[in-house]
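Grab a pencil and work through the exercises below with the model open beside you. Each one sets a task and then walks through a solution.

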Amino acid sequence: MKIVLDRTRCEGHGLCEEAAPQLMHLDDEGELVLDREEVGEADATLANAAVRVCPVAALRVA
């Protein structure tokens, strides 16, 4: 399973980071950084939670 970030859509709201801090964080400029793009079944719930809370649909799970 892979988390895909659409940088052109991401506005740095940080809701995804709150939902899945083990998988991503905002850098000093407010840009989202995926700490792990590939996630296993154990982190699937976190990845899907991050996708659901993104207000601009900048994340998806593939």
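**Exercise 1. Find what Leu15 touches, then place Leu15 in the fold.**

Step 1. Skip the neighbours within four places in sequence, and Leu15 is in contact with Val53 and Pro55; contact means heavy atoms within 4.5 Å.

Before going on, two notes on the ground rules. This is a predicted model, where local features need pLDDT of at least 70 and side-chain atom pairs count only at pLDDT 80 or more, while totals for chains, interfaces and linings use all residues. Residues are numbered from 1 along each chain as its sequence is written, and side-chain values use heavy atoms, with hydrogens and water left out.

Step 2. Leu15 sits in helix α1; helices (H or I, at least four residues) and strands (E, at least two) are DSSP runs, numbered from the N terminus.

Step 3. Leu15 counts as partly exposed because its relative accessibility is 36%. On this scale, buried means under 20% relative accessible area, exposed means over 50%, and partly exposed is in between (1.4 Å probe, protein chains only).

**Exercise 2. Compare the setting of Asp43: is Asp43 buried or exposed?**

Step 1. Look in the loop between β3 (32–34) and α2 for Asp43.

Step 2. Asp43 has 15% relative accessibility, so it counts as buried.

Step 3. Leaving aside neighbours within four places in sequence, Asp43 is in contact with Leu23 and Arg36.

Step 4. Now tie this back to Exercise 1: Leu15 and Asp43 are 28 residues apart in sequence, and their C-alpha atoms are 17 Å apart in space.

**Exercise 3. Follow Leu23 into the nonpolar core.**

Step 1. Beyond residues up to four places away in sequence, Leu23 touches Ile3, Val33, Leu34, Asp35, Arg36, Val39, Asp43, Leu46 and Ala47.

Step 2. The largest nonpolar core has 15 residues, and Leu23 is among those with the most contacts inside it, along with Ile3, Met24, Leu32, Leu34 and Leu59. β1, β3 and α2 each supply at least two residues of this core. By definition, such a core is a set of buried Ala, Val, Leu, Ile, Met, Phe, Trp, Tyr and Cys residues joined through side-chain atoms within 4.5 Å.

Step 3. Zoom in on helix α2 (residues 44–53), where Ala44, Ala47, Ala49 and Ala50 are buried. An α-helix has 3.6 residues a turn, so residues three or four places apart point the same way.

Step 4. The buried residues of α2 pack against β1 (3–5), α1 (15–19), β2 (24–26) and β4 (59–61).

**Exercise 4. How many disulfides are there?**

Step 1. Apply the rule: a disulfide is a pair of cysteine sulfur atoms within 2.5 Å. The count comes to 0 disulfides.

Step 2. Check Cys10: the closest cysteine sulfur, in Cys16, is 6.2 Å from its own, so that's too far for a bond.

Step 3. Check Cys16, which is in no disulfide either, as the nearest cysteine sulfur, that of Cys54, is 6.0 Å away.

Step 4. Add the surroundings: Cys10 is partly exposed, with a relative accessible area of 23%, whereas Cys16 is buried at 8%.

**Exercise 5. Describe the largest cavity and its lining.**

Step 1. The structure holds 1 cavity of 30 Å³ or more. A cavity is a set of points, on a 1 Å grid over the protein atoms alone, where a 1.4 Å probe fits but cannot get out; lining residues have an atom within 4 Å of a point.

Step 2. About 80 Å³ of space lies in the largest cavity, with volume taken as the space filled by probe spheres set on the points, which are joined across faces, edges and corners.

Step 3. Its lining includes Cys10, His13, Leu15, Cys16, Cys54 and Pro55.

Step 4. Sort the lining and you get 8 nonpolar, 3 polar and 1 charged. Here Ala, Val, Leu, Ile, Met, Phe, Trp, Tyr, Cys and Pro count as nonpolar, Asp, Glu, Lys and Arg as charged, and the others, Gly among them, as polar.

Step 5. Take His13 from that list: it is found in the loop between β1 and α1, and contacts Pro55 and Val56, leaving aside neighbours within four places in sequence.

Conventions: 1 Å grid on protein atoms, 1.4 Å probe; cavity = no way out; pocket = protein on both sides within 12 Å on 5 of 7 lines; lining within 4 Å.
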